[in-house]
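Here are my notes on the two-chain model you asked about. They are set out as numbered points, to be read with the structure open.

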Amino acid sequence: MSGVPLNWYLILSAILFCLGIAGFLYRRNIITIFMSIELMLNGVNLSFVTFSYKFKQVDGHIFTFFVMVVAAAEAAVGLAIILTVFKNRQTLQVDDINSMKN
Amino acid sequence: MNLWPIPIFPLAGFLVNGLFGRRLPKAVINTVAVGSVLLSFLWVVFALRSLGGLETAFTEHLFTWIQSGSLTVNVDFSVDRLTAVMLMIVTGVGLLIHIYAVGYMSHEGGYYRFFSYLNLFMFFMLVLVLASNFVLLFVGWEGVGLCSYLLVGFYFTEQFATNAGNKAFIVNRIGDFGFSLAIFLIWRQFHSFDFAQVFSAAKGLPVETSSGIITAICLLLLVGATGKSAQIPLYVWLPDAMAGPTPVSALIHAATMVTAGVYMTVRSATLFLHAPVAMDVVAIIGLATAFFAASIGLVQNDIKKVFAYSTVSQLGYMFLGVGVGAFSAGIFHVMTHAFFKALLFLGAGSVIHALGGDQDLRNMGGLLKKIPITAATLFCAGVAIAGLPFTSGAASKDLILEAAYAHAPWMYWLGTITAGMTAFYVFRALFLCFLGDYRGHHHPHESPAVMWAPLAVLAVLSLVGGFINIPNWLEPMLPVHEADVGSLIKLLPFAAGFLGIGLAYVFYVLSPSIPDKLASSLGGLYRLVYNKYFVDEIYDAAVVKPVVQGSRTVLWKGVDAGLIDGSVNGVGALAQGVGGILRLLQSGSIRAYAAWVVFGSVIVLIAIGLVGGGR
């Protein structure tokens, strides 16, 4: 670990987060959008862990666990919603699911 | 004995009749209305008896109303000898008029409303009289003004009645403006509103050095008094106030409320004694009002209008008395005037009642045989107000005139001429009403006992009330000026009274053609006086029209419609415009929102980077 500078972790974290944003903005499929969100969460997790390691404090780890728990719960709820949507609409394209608009 | 029940009884009566009167039978309304005033009267009698001689004022602390920094306003009631006189007048005469009103109003609509207002008036009047500081006095002062407005406009379906109510209220605002300024100045000068503290502080001031601010206070108090007590230049509301029911004219606009200005001036006697200039102004205004109103009263044809101008004139006498330093004589005249003027109005009400609502003297005549009791009591009031020897009016008016003679003889002479005019116009009205042939068409009938019994009581009081020696009773508070005048000066007002009655008899009984001839030979002067010197028209042109026009163009069209509405509508239009632009952001597409979130985050990050990350 000593060979890898801290910045690399952070850069990787930023790249992951930006990929997540890009995916969220440009993909149409709900499942892909969902995965992009997970990617953003994990990018953040990585920076938490990095700082926790750097400053020798446990807070970052605890945050990461919380984020993982929330992400798991969110995945369960989100996937259930996606299934229901697909059952009712036979589509997963977000642009077609806009009956709340207007 | 506690003082607080005195005003509370009428207040309770007001609440009962005002809240539930619509569903109550008339007998209950009568009992509540008259009973509450009766209780009040009895409480006054017993309280005064238990308080004894009242050499010093008895004060009762109820609660602290306003406490702010060094400013304290207590609701305290206080009774001294002056208050005792006023309490007896207000509750005594008030009780008689309430009883009378039961008969007079029996055929009128809004019965419970009338009596609840009347009781509310009694409450405020008693607060005014019992108040032990200027602020509480002002509360009562405004309260009676409110009730006056409500009762003048009692027949609110008639345009003239509501107009008269408005006029009474608005003209009184001018006076009250002066009064409130006076109260502010009193606070500035004495740092207290309390009568006892203010007057004991004022007593210590030398006359010469204090004259500036004390004179200002007194003149402003006088402005208040001219409004409430209908003196020049604010008297114009009182004649119009006759649009109200006659018991109201008797109670509020003759016996009690309009004398509040005199009471307030006498209460502030210590201040006025330190402001000789203000005293002179009071005397001159009083005298001018007395003469001026009496001259208008000479030619009016509406019986209530005659008595209304007579009231203005008699109030002028009271101010003359106060202004020349005969404070106790002024209060004495308040009392005797309450007796005979209440009687005149109630009698006039009885005549109007008998004639089915007609108030025009030209349609009366010969009523002496048809309504003898009313006629007899009215003649008692007539001789009292004319100041014939041994009547109550003579006792008080002569004291005032003697004091005026000691102060300045010309005031005495003008006052005596006015006394002659008073006798003339009152007996003109009485002769036109009761002698000669009946000129109307309605069949007159005598009023019921509930109406003539109060008349009889007041008639007795009008005749013998002068033997109640008010100046002697008030001597410890208000020193009596022993005016040392010759017997001729004492007798001349009697002569003026007899002369006035004699002239009225000649003019209106012996040869009724004389007045018409006089009127046509003095055409211009007659028209001037008949039209009340066109004062209403002058005020209308000089004050009312400009104010209305200014309000319409500047305040309404300019300030209200332009500025206030403009800014309110402008704020609305601005919000609408901004909203119209911001609405475009709400596209409904999740990815657009997400893009905005990212965009915002980037902006925030750049901003943090620019300011250095908070370090």
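1. Some terms come before the details. Two strands count as paired if DSSP finds at least two bridges between them. Helices (H or I, at least four residues) and strands (E, at least two) are DSSP runs, numbered from the N terminus. The model is predicted: local features need pLDDT of at least 70, side-chain atom pairs count only at pLDDT 80 or more, and totals for chains, interfaces and linings use all residues. Residues are numbered from 1 along each chain as its sequence is written, while chains are lettered from A and ligands numbered from 1 in the order in which they are written.

2. The hairpin of chain B. Strand 1 (residues 58-68) and strand 2 (residues 71-79) of chain B pair in the antiparallel sense, over nine bridges. B:Phe58 has B:Val79 in strand 2 as its bridge partner, and B:Gln67 stands opposite B:Thr72 of strand 2. Two residues lie between the two strands of this hairpin, and B:Gly69 in the turn has a positive phi of about 60°.

3. Cover on strand 1. A residue is called buried if 20 or more other C-beta atoms lie within 10 Å of its own, exposed if 12 or fewer, and partly exposed in between, with C-beta atoms placed from the backbone. Strand 1 of chain B is hardly covered, as zero of its eleven residues are buried.

4. Two enclosed helices. Helix 11 (residues 260-267) of chain B has eight of its eight residues buried, so it is largely enclosed by the rest of the structure. Among the buried residues of helix 11 are B:Tyr263, B:Thr265 and B:Arg267. Helix 18 (residues 409-434) of chain B is also largely enclosed by the rest of the structure, because 21 of its 26 residues are buried.

5. The length of helix 18. The expected span of a helix is 1.5 Å times one less than its number of residues. For the 26 residues of helix 18 of chain B this gives 38 Å, and the end C-alpha atoms are 37 Å apart, which agrees. Helix 18 is followed by B:Gly436, with a positive phi near 75°.

6. What surrounds B:Gly497? Two residues are in contact if their C-beta atoms, placed from the backbone, lie within 7 Å. Leaving aside neighbours within four places in sequence, B:Gly497 is in contact with B:Ala386, B:Gly387, B:Leu388, B:Ala419, B:Gly420 and B:Ala423. B:Gly497 belongs to helix 21 (residues 487-510) of chain B and is buried, with 28 other C-beta atoms within 10 Å. The C-alpha atom of B:Gly497 is separated by 10.0 Å from that of B:Ala384, 113 residues apart along the chain.

7. Backbone points to check. Most residues other than glycine have a negative phi, and most peptide bonds are trans. A:Gln90, in the segment after helix 3 (59-89) of chain A, has a positive phi near 55°. A:Gln90 is exposed, with 8 other C-beta atoms within 10 Å. B:Phe534 also has a positive phi near 55°; this residue is in the loop between helix 23 (523-530) and helix 24 (535-582) of chain B. B:Phe534 is exposed, with 12 other C-beta atoms within 10 Å. The peptide bond from B:Ile232 to B:Pro233 is cis, with omega near 5°, and B:Pro233 is found in the loop between helix 8 (211-228) and helix 9 (237-240) of chain B.

8. Chain A as a whole. Chain A has three helices and zero strands. The C-alpha atoms fill a box of roughly 50 × 25 × 25 Å along the principal axes. The radius of gyration is taken over C-alpha atoms, and the globule rule is 2.2 Å times the number of residues to the power 0.38. Chain A has a value of 17 Å, where a compact globule of 102 residues would have one near 13 Å. Of the 102 residues of chain A, 11% are buried. Among contacts in chain A with a separation of 6 or more, 47% join residues 24 or more positions apart.

9. Where the chains meet. Six residues of chain B are in contact with six residues of chain A. The side of chain B that touches chain A has four nonpolar, one polar and one charged residues. Here Ala, Val, Leu, Ile, Met, Phe, Trp, Tyr, Cys and Pro count as nonpolar, Asp, Glu, Lys and Arg as charged, and the others, Gly among them, as polar.
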